[in-house]
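Let's take a walk through this structure together, one chain at a time. Keep the 3D view open as you read, and turn it whenever a new element comes up.

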Amino acid sequence: MKKKKAFSAVMTMALAGSLVLAGCSGSDSSSSEGSESSSDKTVVKMMHLWPEGSSNAQYTIVDDIIKSYEEANPDVDIQTEILGNEQYKEKIKVLSASNELPDVGISWAAGYMKPFVEGNMFAPLDDVAQPDRFVAGTLDAFSVDGKPYALPLELNITPVYYNKEIFEKHNLEAPTTYDEFVNVVDTLVENDVTPITLGNKDRWTGSMWYMYMADRIGGPEALNNAINRTGSFEDPALVQAAEELKSLVDKGAFVKGFNGLSNDEAKGYFMNEQAAMYLMATWELPNYTTSPDVAQEFKDKVGYFKFPTVEGGKGDIDSYVGGPGVGLFVAEQSKVKDEAKAFVSYLVDEWGKRSVVDAGVIPATVVDTSSADLDQMYIDILNDLGNATNLTLYADVQMSAGVADVHLNQIQALFGGQSTPEEFAKTQEEALAAEK
Amino acid sequence: MKNVMSNKFVIALYTLPALLLILVLIYIPIVLSGYYGLMDWDGIGQMTFIGLENYVTLIKDNYFWSSTWHSFLLAIFSTLSLLLYLAISLVLASKIKGSDLLRKIYLIPMLLSSVAIAQLWMKIFDPTNGMANTLLAFFGVENTPIWLADPAIALYAIFIPVIWQYAGFYILIYYAALKNVPDEVIEAAKIDGASPLQIALKIKLPLISGVFKVTIMLAVVGSLKYFDLIYVMTGGGPNGASEVMASYMYKEAFKLNNFGYGSAIGFGLLVICLVMTWLTMKLTKSKDDVQ
């Protein structure tokens with residue numbers, strides 16, 4: 001009997017032990033080769049957010065770049081850990097709290113990156129940046145006090161995509177002025193077609209509409225100044241922009257129940273041709289050009305136009321809402337900082353060469369469109385980008401997390417009718433003012 | 001045997017693994033989150049001690065109290081829905097035809113993951129293409145609701161899948177408890193001429209009252225810290241209309257980088273849960289409860 005008890009005690013211990021171990025084993029799995037790295041190689045750990053399943057194109061590019069880098073540098077072993085977007089964001093936070101960031105990883109720009117830089121988590125990359133190779137302004141979004149802390153990979157601008165077939169059916173043309181745009185909306189509403197699909201549960205989607213409206217009425221300075229505190233959010237142009245949006249909502253311009261739809265759900269309305277227009281960044285381009293999962297028939301129906309100008313407004317049609325997507329950082333506490341920096345620089349170059357053609361992603365590096373065989377829509381967008389007079393970074397990325405949350409909630413409230421345009425401006429002015 | 005159990009060392013040894021687990025995984029984190037609540041911490045950089053400031057902000061934070069109110073609404077609704085579950089189990093346990101099959105059907109939502117349930121109901125609630133509105137339109141409703149997008153009904157719309165989700169769990173508990181009621185008692189009642197309703201209300205219910213109290217507690221505490229469907233279906237929106245305590249805590253800590261304040265909310269949530277547990281115990285205690 002005694003023996004049996006002792007045995008069960010051992011078993012209990014073993015069970016407890018295995019539970020604890022099981023809790024740990026998740027964190028250090030998955031290397032690129034799956035092999036035990038030999039001791040004479042320098043191991044560079046990298047985390048990125050393009051899983052093989054959901055972002056196959058990006059995954060393949062990164063994987064190929066790693067392989068060719070390892071071939072060229074036989075003494076370096078790049079080990080990757082891959083997570084989906086949201087898990088990635090959370091894991092990075094937890095890792096940085098325990099000071100265990102990977103040597104190389106992905107970061108977002110400006111407001112997202114700032115606490116990491118202030119917490120001394122990211123290494124400055126001024127020695128490997130070579131600013132000339134990037135599209136103007138993209139590196140700045142990843143810079144704090146003039147020093148870059150991550151090298152940008154992607155660049156996006158936001159055109160309005162529209163369904164040519166629906167437009168033709170109602171004798172409409174892509175609008176260039178706001179009056180024409182309102183006319184398009186009115187015509188579609190009269191004919192029981194949903195003019196615009198919008199997934200405003202995600203909030204940043206509605207923010208892009210507001211940002212364009214503010215830009216076209218008050219010029220890019222109005223919103224930028226309000227955010228950097230040289231101006232006020234109660235600027236008449238910013239209030240007027242909110243009023244215009246509200247009148248669009250009241251017309252029924254946006255899909256029913258937009259405040260409860262996620263961006264993906266809203267996108268479904270456009271892809272299923274239940275809505276005529278969709279304002280979204282150029283990361284959607286593959287769906288209308290190269291993606292094998294979308295029917296060619298639908299791709300042929302999609303066109304895009306620049307957000308129309310408002311008569312008497314200060315913004316011109318070549319000013320865009322947009323900005324760099326993600327960039328690559330090198331961890332400050334990394335033991336292989338030099339190798340990591342060299343690899344990051346190499347990856348950015350190679351990514352620039354391949355991303356448009358292979359993944360349909362517009363890179364932050366300057367692209368030579370003449371050599372590659374590109375879909376016309378890409379060439380148009382890249383040309384537009386070349387002619388852009390201004391690029392306004394997404395408002396919620398410019399703001400600090402707390403203020404951005406107020407802004408995004410107010411966007412939902414404005415669209416949903418819980419805030420008047422005046423309250424909308426006032427609440428944000430207060431949040432911005434309270435921060436300084 | 002007696003020898004073993006009186007040996008203090010062995011007792012300590014046996015309790016050690018469980019004690020360690022519960023300490024490391026539960027009690028130490030609780031103390032730590034109370035401690036982090038005293039800090040100004042973005043989760044990344046240095047912590048600075050700011051005393052009770054986070055807790056003072058918490059008490060003045062209208063958004064926190066509105067999310068607390070939403071949590072309480074959920075608690076009230078799920079407690080009321082226990083009566084429905086109980087009614088269903090009473091029917092199921094009374095040996096009707098197909099009760100076995102029905103019991104399994106009721107259990108299905110419990111087997112689905114919360115995210116799958118959320119996705120399913122988001123499709124149902126889709127304002128234009130969803131099942132709910134298609135059905136309403138079929139019956140001639142003209143202004144079909146926009147469900148999750150309407151601040152006035154978003155929260156209640158989420159209650160529906162929550163109540164549906166937990167039906168199987170509680171029905172299973174009640175069913176098991178009802179099956180434990182001795183047949184002799186019921187037969188005796190039948191012989192004395194009691195109607196089925198009388199048997200249910202006067203005999204079965206009092207006999208499972210202990211289980212009923214436990215489920216009230218589970219429902220109240222479970223609702224107060226409820227998170228998953230809310231997070232996936234609305235993310236607390238629109239504009240905070242369906243925010244509950246746990247989703248607010250998550251948002252502050254992980255989305256807004258306020259780990260200090262997030263921890264304070266978590267600690268507040270713990271206190272509220274403890275008070276409610278104590279209150280529920282107090283309210284459901286009857287004279288004949290012997291400790």
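**From chain B across to chain A**

A good place to begin is the UniProt record, an unreviewed entry, which places the feature "domain: ABC transmembrane type-1" at residues 71-280 of chain B. Bear in mind from the start that what you are looking at is a predicted model. In that model, the annotated span of chain B is 75% helix and 0% strand, and its end C-alpha atoms lie 16 Å apart.

Now zoom out to chain B as a whole. Chain B has 14 helices and two strands. Its C-alpha atoms fill a box of roughly 75 × 75 × 30 Å along the principal axes. Of the 291 residues in chain B, 33% are buried. If you look at contacts in chain B between residues at least 6 apart in sequence, 67% of them join residues at least 24 apart.

Next, turn to the place where the two chains meet. Here 30 residues of chain B are in contact with 32 residues of chain A. On the chain B side, helix H2 (8-36) and helix H13 (245-255) each supply at least two residues. The largest share comes from H2(B), with five residues. Sorted by class, this side of chain B has 18 nonpolar, nine polar and three charged residues.

Crossing over into chain A, you will find that the domain assignment gives two domains, each built from two segments of sequence: domain 1 (39-154 + 325-367) and domain 2 (157-322 + 388-435). Taken over C-alpha atoms, the centres of domain 1 and domain 2 of chain A are separated by 30 Å. Their contact takes eleven residues from domain 1 of chain A and 14 residues from domain 2 of chain A. Helix H4 (residues 110-118) of chain A gives the most to the domain 1 side, with three residues. The residues on that side of domain 1 of chain A divide into seven nonpolar, four polar and no charged.

Let's move on to the strands of chain A. Which strands make up the open sheet of three, and in what order do they stand? The order is E7-E12-E14 (chain A), and the pairing is mixed. Strand E7 (155-157) and strand E14 (390-393) of chain A each have a single partner strand, so one side of each is left without a neighbour in the sheet. From one strand to the next, the twist averages 40 degrees. Look more closely at E7(A): this strand pairs with strand E12 (residues 319-324) of chain A in the antiparallel sense, over three bridges. Within that pair, A:Asn156 stands opposite A:Gly323 in E12(A).

Our last stop is strand E8 (residues 160-163) of chain A. Are its faces covered or open? Both faces of E8(A) are covered, with A:Val160 and A:Tyr162 buried on one side and A:Tyr161 and A:Asn163 buried on the other. E8(A) is joined to strand E10 (residues 275-279) of chain A by three bridges, and these two strands run antiparallel. E8(A) also pairs with strand E11 (residues 302-305) of chain A, in the antiparallel sense and over four bridges. Try centring your view on A:Tyr162, which stands opposite A:Met277 in E10(A) and opposite A:Gly303 in E11(A).

Conventions: Residues numbered from 1 in each chain as written. Chains lettered and ligands numbered in written order. Predicted model: local features only at pLDDT ≥ 70, side-chain atom pairs only at ≥ 80, totals over all residues. Contact = placed C-beta atoms within 7 Å. Nonpolar A, V, L, I, M, F, W, Y, C, P; charged D, E, K, R; others polar. UniProt positions renumbered as here; feature names shortened; annotations may be inferred. Pairing = 2+ DSSP bridges. Axes fitted to C-alpha atoms, helices over the stretch in contact; angles between N-to-C directions. Buried ≥ 20, exposed ≤ 12 C-beta atoms within 10 Å, placed from the backbone. Domains from an automatic or database assignment.
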